[in-house]
Amino acid sequence: MDGACAFVSLLPLQTDGEGNDMVCTYLIILGILLLVLYISLFIYNRLVVGKKVRQHPCKYCGHMVNAVSQCCSAPVEERFMAGRCSKCGKSTRTVCATCKRELY
Ligand SMILES: [Zn+2]
Ligand SMILES: [Zn+2]
């Protein structure tokens with residue numbers, strides 16, 4: 001942040017010392033805000049991608065249904081040949097959210 005403050009003090013916008021302090025404070029606040037925004041976006045993306053419920057055709061319901069884990073009825077993180085429950089983290093079978101019957 002020292003570099004940024006030195007850079008700002010070189011700008012002809014604020015010439016008095018108090019003004020520079022204010023600009024530095026604003027820069028720090030702006031930096032923190034951007035960081036918070038970035039982190040919250042990152043977490044939001046992870047949550048949305050991790051808990052996105054994929055649609056599967058259910059042979060009992062006869063249409064596309066939400067696939068959930070057998071243990072917690074939570075979204076399943078799908079892996080090759082197996083699913084992992086997003087709630088308890090255990091490997092689980094994927095069941096239909098409507099009729100609770102196995103999808104595979
Ligand atoms: Zn079903
Ligand atoms: Zn579970």
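**Entry 1: Lys100**

I started with the segment after strand E6 (94-96), where Lys100 lies. This is a predicted model, so I read every angle below as a computed value from that prediction. Phi of Lys100 is near 60 degrees, a positive value, and the residue is not a glycine. I noted the background to this: most residues other than glycine have a negative phi. Next I asked: is Lys100 buried or exposed? I counted 11 other C-beta atoms within 10 Å of Lys100. Exposed means 12 or fewer, so Lys100 is exposed.

**Entry 2: Ser73**

I then looked up Ser73, which also has a positive phi without being a glycine. The value is about 55 degrees. Ser73 sits in the loop between strand E2 (63-69) and E3. For Ser73 I found 14 other C-beta atoms within 10 Å. The count is above the 12 allowed for exposed and below the 20 needed for buried, so Ser73 is partly exposed.

**Entry 3: the chain as a whole**

I listed the elements next. The chain holds two helices and six strands. Read from the N terminus, the order is α-α-β-β-β-β-β-β. The chain has 104 residues, and 12% of them are buried. I also checked contacts between residues at least 6 apart in sequence. Of these, 29% join residues at least 24 apart.

**Entry 4: confidence**

How does the predictor's confidence run along the elements? I found the lowest mean pLDDT among them, 61, in helix H1 (residues 2-10). The highest, 91, belongs to E6. Over the whole chain the mean pLDDT is 82. I noted that 74% of the residues reach 70 or more.

**Entry 5: the sheet with E1, E2 and E6**

Which order do the strands of this open sheet take? I read it as E1-E2-E6, three strands with antiparallel pairing. E1 and E6 stand at the edges, each with a single partner strand, so one side of each has no neighbour in the sheet. Neighbouring strands here are turned by 55 degrees against each other on average, direction ignored.

I went through the pairs one by one. Strand E1 (residues 55-58) runs antiparallel to E2, and four bridges join them. Pro57 has Met64 in E2 as its bridge partner. Gln55 stands opposite Asn66 in E2. E1 and E2 form a hairpin with four residues between the strands. In that hairpin I found Gly62 with a positive phi near 80 degrees.

On to the other pair. E2 and E6 are antiparallel and share three bridges. Ala67 stands opposite Cys96 in E6. Ser69 faces Thr94 in E6 in the same listing of opposite residues.

**Entry 6: the sheet with E3, E4 and E5**

I closed with the other open sheet. Its three strands run in the order E3-E4-E5, and the pairing is antiparallel. Strand E3 (76-79) and strand E5 (91-92) are the edge strands. Each has a single partner strand, so one side of each is left without a neighbour in the sheet. How many bridges link E4 and E5? I counted two between strand E4 (residues 82-85) and E5, in the antiparallel sense. Arg84 stands opposite Ser91 in E5.

Technical notes: Residues numbered from 1 in each chain as written. Chains lettered and ligands numbered in written order. Predicted model: local features only at pLDDT ≥ 70, side-chain atom pairs only at ≥ 80, totals over all residues. Pairing = 2+ DSSP bridges. Contact = placed C-beta atoms within 7 Å. pLDDT = per-residue confidence, 0-100. Axes fitted to C-alpha atoms, helices over the stretch in contact; angles between N-to-C directions.
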